[in-house]
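Colleague: Got a minute to walk me through this one? I'd like to start with the packing.

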Amino acid sequence: MTDSTALQERYERSLLGVFGRPLAVLDHGRGAEVWDVDGKHYLDLLGGIAVNALGHGHPAVLGALTEQAAQLAHVSNFFTTRPQVELAERLLEIAGAPTGSKVFFTNSGTEAVEAAIKLSRRTGRRRIVALEGAFHGRTMGALALTHKPAYREPFAPLLEEVVHVAFGDLEELAAAVDDTVAAVVLEPIQGEAGVRPLDTAYLQAARELTTAHGSLLVVDEIQTGIGRTGAWFAHQGSGIVPDAITVAKGLGGGFPVGALLTLGERAAGLLQPGQHGTTFGGNPLGAAVGLAVLETIEREGLLDHVRRTGEWLAGEVTALRHPLVRKVRGEGLLLAIQLTEPRAGDVAARALEAGFIVNPVCPDAIRLAPPLIITQQQLETFVAALPVLLDTTPSEETA
Ligand SMILES: *Cc1c(COP(=O)(O)O)cnc(C)c1O
């Protein structure tokens, strides 16, 4: 029995079965590459689901973590630290936040969404409008905004005044937003629904409608933010200024850090002293690593790199003209190869076997969200392998 198989069996005996059997037992990584406990090598085209922005073992992340851990790891929110203040300032800067904007730190995406829900309640309204296909997290509040019935229904009743409107349908949105709506919550690109971008006109209309009705516009950038799409935040191309932005995944480069950004005086004034809190959120360890991630993205020109590399990759995959590929959608290094048939599971299994980590995000789409530092040369090896990986026959489909 290999080490992998033995550990997978022990995993199944000791870990709650919510994730199913792990695909592999990973041991170490370097840049965009990882190795499992049996020494098998993989090119990591998923980056821990858009988390490992700087890949694995990046010296900036390592340095920030070790230096900050040696200096001060945790202090409670009775105190603050230099990295905490600096990370808040930096996040507001890259968000282009207007005067009066503020940050609340969390340890995860779902907690950032919870904070946004509590913020929205302070408008004195309860109704929240989210989109079909939305994924906003798994805790009881965020789960109510997540659309997938299989995630929600076993835990009903959730927050009751949540409505899901059809994705990208402006008329439905306009009909749903009135003066009783506390917030409209949306992802600029729906990650878990298969990398589905909302268009600029939709984002702009959502901003206009929410402004007109005094509702908050909350943009969930947990997956799309921190350079993933080639901009600091995916909504920035549309020119809108939301009332709140949720961030997590890429921010800590693998260390759990999240944040709610409240933009402008009104949103920032909604939560009063004592109305929300966290033990770990904003700790100096997480803040130091968040700062290191942002600094590195800036210093290494990664936004530009992500734009160029993502465009190149999308172009190369499209140019294969493979009959199983319908199109490539997404932005920067958050892409999905949309298939003409529901065979993503099979393609991803073949890819893993061949040493490429990709994600069959839905039956007909393969999600790619590699580290932002991945090189074109590394992506070339994937493009070269792709025709063989795509040559599955329907009979091979297992899952
Ligand atoms: C991952 C994700 C979340 C939840 O984040 P967790 O850290 O898993 O709680 C929320 N919204 C979006 C858009 C996500 O991609």
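Colleague: Which residues have the most contacts inside the largest nonpolar core?

Modeller: Bear in mind that this is a predicted model. The largest nonpolar core has 61 residues. Leu45, Leu91, Ile226, Leu261, Ile297, Ile337 and Phe382 have the most contacts inside it.

Colleague: Which domains does this core draw on?

Modeller: Domain 1 (3-57 + 301-390) and domain 2 (72-299) each supply at least three residues to this core.

Colleague: Take Leu45. What does it touch, leaving out residues up to four places away in sequence?

Modeller: Leu45 touches Phe356, Ile357 and Val358, then Arg367, Leu368, Ala369 and Pro370. Ile374, Leu379 and Phe382 are also touched by Leu45.

Colleague: And what lies apart from the largest core?

Modeller: Another core, of 22 residues. Ala115, Ala116, Leu143 and Leu216 are among them.

Colleague: Back to the domains. How far apart are their C-alpha centres?

Modeller: The centres of domain 1 and domain 2 are 26 Å apart. Across the boundary, 26 residues of domain 1 contact 27 residues of domain 2.

Colleague: Now the ligand. Which residues surround it?

Modeller: Ser108, Gly109, Thr110, Phe135, His136, Gly137, Glu187, Asp220, Ile222, Gln223 and Lys249. By type, that shell has two nonpolar, six polar and three charged residues.

Colleague: Which ligand atoms do Phe135, Gln223 and Lys249 lie close to?

Modeller: Phe135 places a backbone N or O atom 3.2 Å from a ligand nitrogen. Gln223 has a polar side-chain atom 2.8 Å from a ligand oxygen. For Lys249, a side-chain N or O atom is 2.6 Å from an oxygen of the ligand.

Colleague: How much of the ligand does the protein bury?

Modeller: The protein buries 81% of the 380 Å² that the ligand exposes when taken alone.

Technical notes
Residues numbered from 1 in each chain as written. Predicted model: local features only at pLDDT ≥ 70, side-chain atom pairs only at ≥ 80, totals over all residues. Heavy atoms only, no water. Near = heavy atom within 4 Å. Polar contact = N/O pair within 3.5 Å; in protein donor to acceptor, adjacent residues only side chain to side chain. Areas by Shrake-Rupley, 256 points an atom, 1.4 Å probe, with all protein chains shown as cover. Nonpolar A, V, L, I, M, F, W, Y, C, P; charged D, E, K, R; others polar. Core = buried A, V, L, I, M, F, W, Y, C linked by side-chain atoms within 4.5 Å. Buried < 20%, exposed > 50% of the residue type's maximum accessible area, 1.4 Å probe, protein only. Domains from an automatic or database assignment. Contact = heavy atoms within 4.5 Å.
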